[in-house]
Amino acid sequence: WSNVENQYQRRMDLIPNLVNTVKGYTAHESETLQKVVEARAKATSITIDADNLDEATLEQFQQAQGELSSALKSLLAVTEAYPDLKANENFKDLQAQLEGTENRVTTARGRYTQAVATYNTTIKKFPTTIYAGWFGFEKKPQFKAEAGANQAPEVNF
């Protein structure tokens, strides 16, 4: 789980730089920028560790991360209207870093999902189930895809 959190933190660290770079070019797009800032604040307010890792907390965390992803998509779509911004080296670098981070988040979540699946299966097998009961090992929650995740997002310019 710490690897997943690490990648989300990397994304949180990149967002202010991306917003500030875009802000210089898109002064009148304050609503989109504000949504990104608010979504980031909401996403950073929810923390999960091994002690509070349950279905409800994980769902709340995923919802906040989904809102942040949506806000970032809107921000990147706005940049299409600013050719100078797209040519800006800082923006290009930040966009590449953010794309790389999204890939890392996906990889870390995949590894977490596999580790939880293995763990959940192991604590149900004999004789491990006996030890799991003695020491209080309980089933851990999995990531679930957001509703509509199977649909490609529509981007209109």
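Colleague: Which residues does Leu-68 touch, not counting residues up to four places away in sequence?
Modeller: This is a predicted model. Contact here means heavy atoms within 4.5 Å. With residues up to four places away in sequence left out, the partners of Leu-68 are Arg-11, Met-12, Ile-15, Val-36, Ala-39, Arg-40 and Ala-43.

Colleague: Which residues of the largest nonpolar core touch the most other members?
Modeller: That core has 28 residues. Leu-68 is one of the residues you want. The full set is Trp-1, Val-4, Val-36, Leu-68, Leu-72 and Tyr-112.

Colleague: Which elements give two or more residues to this core?
Modeller: Start from the core of 28 residues. Then look at the elements that give two or more residues to it. They are helix H1 (2-25), helix H2 (30-45), helix H3 (55-78) and helix H5 (89-122).

Colleague: Where is Val-37 found, and is Val-37 buried or exposed, or partly exposed?
Modeller: Val-37 is found in helix H2. Buried would need under 20% relative accessible area, and exposed over 50%. Val-37 has 42% relative accessibility, so Val-37 counts as partly exposed.

Colleague: How many Å apart in space are Val-37 and Ile-15, C-alpha to C-alpha?
Modeller: In sequence, Val-37 and Ile-15 are 22 residues apart. In space, the C-alpha to C-alpha value is 8.3 Å.

Colleague: Which residues does the cis peptide bond with omega of about 5° join?
Modeller: One partner, Pro-127, lies in the loop between H5 and H6. The bond joins Phe-126 and Pro-127.

Colleague: How many aromatic pairs does the structure hold, and what kind is the pair of Tyr-131 and Trp-134?
Modeller: The structure holds 2 aromatic pairs. In this one, the ring centres of Tyr-131 and Trp-134 are 5.3 Å apart. Planes over 60 degrees apart count as edge-to-face. The planes of Tyr-131 and Trp-134 stand at 85°, so the pair is edge-to-face.

Colleague: Where do Tyr-131 and Trp-134 lie, and is Trp-134 buried or exposed?
Modeller: Both lie in helix H6 (residues 128-135), 3 residues apart, about one turn of the helix. Tyr-131 has a relative accessible area of 43%, so it is partly exposed. Trp-134 has 61%, so Trp-134 is exposed.

Colleague: What kind of aromatic pair do Phe-135 and Phe-137 form?
Modeller: Phe-135 is exposed, with a relative accessible area of 58%. Phe-137, at 46%, counts as partly exposed. Their rings are 6.4 Å centre to centre. With 45° between the planes, the pair is tilted.

Terms used:
Residues numbered from 1 in each chain as written. Predicted model: local features only at pLDDT ≥ 70, side-chain atom pairs only at ≥ 80, totals over all residues. Heavy atoms only, no water. Core = buried A, V, L, I, M, F, W, Y, C linked by side-chain atoms within 4.5 Å. Buried < 20%, exposed > 50% of the residue type's maximum accessible area, 1.4 Å probe, protein only. Helix = DSSP H or I, 4+ residues; strand = E, 2+ residues; numbered from the N terminus. Phe/Tyr/Trp six-rings, centres within 6.5 Å; stacked < 30°, edge-to-face > 60°.
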